[in-house]
Amino acid sequence: QEGAATAIWAANTKKPKTYGVLCLNIPDSQAACANVEKQMNKVGAKQVFKRTYRSGTPDMSGDILAARAAAPDMIFDYSIDAFVGARFYIDSHQQDYWPPMGIVANHKTIEPLGGIIGNYPAKKGYWNNTTYLLWGPDHIAWQRKYVPNNKGLSHHVLQGQWFGTQAMIECMKRIGPNLTRPALMGCMNSQRWETGPGLGQAVMWEPGKRYGEDTVNRKEYVYKYVSTETQSGDDGKTRGWVPDPAQFVIEAPMPDGE
């Protein structure tokens with residue numbers, strides 16, 4: 001669904017006529033790339049470049065040459081693994097190649113990213129979609145107090161785990177000493193859970209309601225990479241990512257069959 005949402009963003013804001021995709025050799029990455037293609041087909045954009053990688057691919061210099069020859073207007077990086085994308089960007093920098101409309105990626109907003117990929121993508125045009133706001137003052141305050149060794153290492157999975165744990169603890173308090181798995185599941189499925197403004201999301205775990213509008217399975221945020229300062233300050237904010245001025249909030253369509 002994130003692939004579909006980002007393709008809608010690209011069609012709205014960049015309007016590419018041609019595009020490329022970077023994918024990982026795992027099912028969810030392949031599905032995301034398929035959703036990108038499906039949405040771009042709707043606006044008549046043509047896929048002219050595609051590469052599927054495995055984690056740990058050591059060299060992509062030949063792929064950069066192929067991308068230059070194919071000349072896509074922009075590239076979607078749905079390789080999921082942040083370090084696969086980083087390898088592509090580093091090799092792109094070495095050859096001074098970047099698609100004219102930039103690269104948009106999925107969940108590469110890991111805190112260490114700026115120190116890995118440098119300023120070249122910021123100069124050339126680089127965006128990321130992510131599920132939660134970056135980084136959330138409540139989440140960062142908790143991190144600083146309870147897991148200080150995680151400073152500078154946050155990513156969206158940790159944000160989701162942190163919020164999911166808060167909801168679970170609240171349910172355990174409501175249930176009391178007679179805690180059972182069915183009771184816990186019943187509580188978790190009983191309502192819409194709000195992350196609060198720090199993370200800017202809502203979750204519905206109940207089957208059949210998981211794709212409600214304005215919830216985590218439909219809503220995404222698009223950030224533009226502007227500098228290597230991708231780590232969070234103590235205030236929960238990052239200076240290296242800024243809300244995309246063209247369209248910050250994107251919403252994916254309902255998945256097929258839902």
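## Model and overall form

Helices, such as the one that holds Lys42, are DSSP runs of H or I with at least four residues, numbered from the N terminus. Lys42 is found in helix α2. The structure is a predicted model. By the DSSP assignment, the protein chain has 9 helices and 10 strands.

The mean pLDDT of the protein chain is 94, and 99% of the residues score at least 70. Confidence is lowest in strand β10 (residues 249-251), where the mean is 93, and highest in helix α6 (residues 120-124), where the value is 98.

## Dimensions and burial

The radius of gyration of the protein chain is 19 Å; a compact globule of 258 residues would have a value near 18 Å, so the two agree. The C-alpha trace spans about 65 × 45 × 35 Å along its principal axes. Of the 258 residues, 47% count as buried.

Lys42 lies on the other side of that division: Lys42 is exposed, because its relative accessible area is 60% and the cut-off for exposed is over 50%. Between the C-alpha atoms of Lys42 and Glu111 the distance is 34 Å, with the two positions 69 residues apart in sequence numbering.

## Disulfides

The whole structure contains 2 disulfides. One joins Cys23 to Cys33, with an S to S distance of 2.1 Å. This pair links distant parts of the chain, 10 residues apart: Cys23 belongs to strand β1 (residues 18-24) and Cys33 to helix α2 (residues 27-42). The torsion about the S-S bond of Cys23 and Cys33 is about -125°, so this disulfide is left-handed. Cys23 and Cys33 are buried.

The sulfur atoms of Cys171 and Cys187 are 2.1 Å apart and form a disulfide. Here the connection runs between helix α8 (residues 156-175), which holds Cys171, and helix α9 (residues 181-188), which holds Cys187; the pair links distant parts of the chain, 16 residues apart. The link of Cys171 and Cys187 is left-handed, with -85° about the S-S bond. Both Cys171 and Cys187 are buried. With bonded cysteines counted along the chain, the disulfides follow the pattern 1-2, 3-4.

## Salt bridges

The count of salt bridges comes to 11. In one of them the side chains of Arg51 and Asp63 meet, at 2.9 Å from N to O. Arg51 in strand β2 (residues 46-53) and Asp63 in helix α3 (residues 61-70) are 12 residues apart, and the pair links distant parts of the chain. Arg51 is partly exposed at a relative accessible area of 26%, whereas Asp63 is buried at 16%.

Another salt bridge brings together the side chains of Lys108 and Asp77, at 3.5 Å from N to O. Lys108 lies in the loop between β4 and α5 (113-117) and Asp77 in strand β3, so the pair ties together parts 31 residues apart in sequence. Both Lys108 and Asp77 are buried.

## A salt-bridge network

A network of salt bridges links Arg192, Glu194, Asp214 and Lys219. Within this group, the side chains of Asp214 and Arg192 meet at 3.3 Å, N to O. Asp214 lies in the loop between β7 (201-203) and β8 (219-225), and Arg192 in the loop between α9 and β6 (193-196), so the pair ties together parts that are 22 residues apart in sequence. Asp214 counts as partly exposed at 35% relative accessibility, and Arg192 is partly exposed at 32%.

## Backbone exceptions

Most residues other than glycine have a negative phi, and most peptide bonds are trans. The peptide bond from Leu134 to Trp135 is cis, with omega near -10°. Trp135 lies in the loop between β5 (126-130) and α7 (137-146).

Ile80, which is not a glycine, has a positive phi of about 65°. Its position is the loop between β3 (74-78) and α4 (82-95), and Ile80 is partly exposed with a relative accessible area of 27%. Asp96 also has a positive phi, near 50°; Asp96 is found in the loop between α4 and β4 (103-106).

## Nonpolar surface

Met168, Ile169, Met172 and Leu179 make a nonpolar surface patch of about 300 Å². Of these residues, Met168 is found in helix α8. Met168 is partly exposed, with a relative accessible area of 33%.

Notes. Residues are numbered from 1 along each chain as its sequence is written. This is a predicted model: local features need pLDDT of at least 70, side-chain atom pairs count only at pLDDT 80 or more; totals for chains, interfaces and linings use all residues. Side-chain values use heavy atoms; hydrogens and water are left out. A disulfide is a pair of cysteine sulfur atoms within 2.5 Å. Helices (H or I, at least four residues) and strands (E, at least two) are DSSP runs, numbered from the N terminus. Buried means under 20% relative accessible area, exposed over 50%, partly exposed in between (1.4 Å probe, protein chains only). pLDDT is the predictor's confidence in each residue, from 0 to 100. Patches are made of residues with over 30% relative accessible area and no salt bridge: like charges are joined within 9 Å, nonpolar side chains (Val, Leu, Ile, Met, Phe, Trp, Tyr) within 5 Å. Accessible areas come from the Shrake-Rupley method with a 1.4 Å probe; for residues, only the protein chains shown count as cover. A salt bridge is a side-chain nitrogen of Lys or Arg within 4 Å of a carboxyl oxygen of Asp or Glu. The radius of gyration is taken over C-alpha atoms; the globule rule is 2.2 Å times the number of residues to the power 0.38.
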